[in-house]
Amino acid sequence: MANASFDTVDPSHLALAVYPAAVLRARALPIPEVTEKVRGVAAAMLEIMRAEQGIGLAAPQVGLSWRLFVADVPKDPKAKQPKGEFAALPVHTDGPMVYINPVLTKPCGPIERFEEGCLSLPEIRGDVIRPPTITIEATGLDGKRFTTTATGLLARCWQHEMDHLDGVLIIDRMMEGHLAKNKRLIRELEENAAFRPGR
Ligand code: ZN
């Protein structure tokens, strides 16, 4: 599955890849063209993301080494509102979004700690440090490039999903003490992998 070509994929057969699946550690490949197949994969990914109650999902998490992720970051009434120069920036999406061949630029603001989880690392949670504000440039389903700057949870989601496209997971970035607390769960996932179907 990890190197499935862009044409032979069946979007109706995608399933969540769980750590330590090799596809989660690969550097994903650019998508040459936004085809019907790519649109089908994006729609299937949004469905899987919703079923798993996630706010973002990257293609390697469904076994595809493609530079593509989806996100649907809801408005969080408890989230602190960005201030100053970032006050006007979005912190959530307005519905589902698809980002093809994304590039992140211009990280800014003092780095922040925030607890993250990952659908491919069930039950594992811990604080990850990231810059609070970032700009994304990506291709949409219409094949056109777009650029947006965000902060808060949306900026964090982009950075988490972007990491997936480079084979990076939250356990690589998690603060030392939090990682230590998750050691047993990580080891269990590694041990259970041999018994998981489809590997
Ligand atoms: Zn993740």
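User: Which residue meets R145 in a salt bridge, and how should I read such a pair?

Analyst: Start with the general idea. Side chains of opposite charge can pair when their charged atoms come close. In this predicted model, the partner of R145 is E137, at 3.0 Å from N to O.

User: Are R145 and E137 buried or exposed?

Analyst: Neither extreme applies. R145 has 39% relative accessibility, so this residue counts as partly exposed. E137 is partly exposed too, because its relative accessible area is 33%.

User: How many salt bridges does a search of the whole structure find?

Analyst: The search finds 12. One of the pairs joins R27 and D166, whose side chains meet at 2.6 Å, N to O.

User: Where do R27 and D166 sit along the chain?

Analyst: They belong to distant parts of the chain, 139 residues apart. R27 is in the segment before helix 1 (36-51). D166 is in the loop between helix 2 (152-165) and helix 3 (170-173).

User: What is the accessibility of R27 and of D166?

Analyst: The two fall into separate classes, because the cut-off for exposed is over 50%. R27, at 58% relative accessibility, counts as exposed. D166, at 30%, counts as partly exposed.

User: Which strands does the salt bridge between E115 and R125 link?

Analyst: E115 lies in strand 4 (residues 112-117) and R125 in strand 5 (residues 125-130). The two residues are 10 apart in the chain. Their side chains meet at 2.9 Å, N to O. E115 is partly exposed, with a relative accessible area of 40%. R125 is partly exposed as well, at 45% relative accessibility.

User: Which residues are linked in a network of salt bridges?

Analyst: Read a network as linked charged residues rather than a lone pair. Here E116, R130, R156, D163 and R173 are linked in this way.

User: Now the metal. Which protein donors does the zinc ion have?

Analyst: Look for the donor atoms, then their distances. The donors are C118 through SG, and H160 and H164 through NE2. They lie 2.0 to 2.2 Å from the zinc ion.

User: What spacing do the donors follow along the chain?

Analyst: The pattern is C-x41-H-x3-H. C118 lies in the loop between strand 4 and strand 5, whereas H164 is in helix 2. The pair therefore ties together parts that are 46 residues apart in sequence.

User: Are C118 and H164 buried or exposed?

Analyst: Both residues are buried. The cut-off for that class is under 20% relative accessible area.

How values were computed
Residues are numbered from 1 along each chain as its sequence is written. This is a predicted model: local features need pLDDT of at least 70, side-chain atom pairs count only at pLDDT 80 or more; totals for chains, interfaces and linings use all residues. Side-chain values use heavy atoms; hydrogens and water are left out. A salt bridge is a side-chain nitrogen of Lys or Arg within 4 Å of a carboxyl oxygen of Asp or Glu. Helices (H or I, at least four residues) and strands (E, at least two) are DSSP runs, numbered from the N terminus. Buried means under 20% relative accessible area, exposed over 50%, partly exposed in between (1.4 Å probe, protein chains only). Donors are N, O and S atoms within 2.8 Å of the metal (3.2 Å for Na, K and Ca); water is not among the atoms, so sites may look incomplete.
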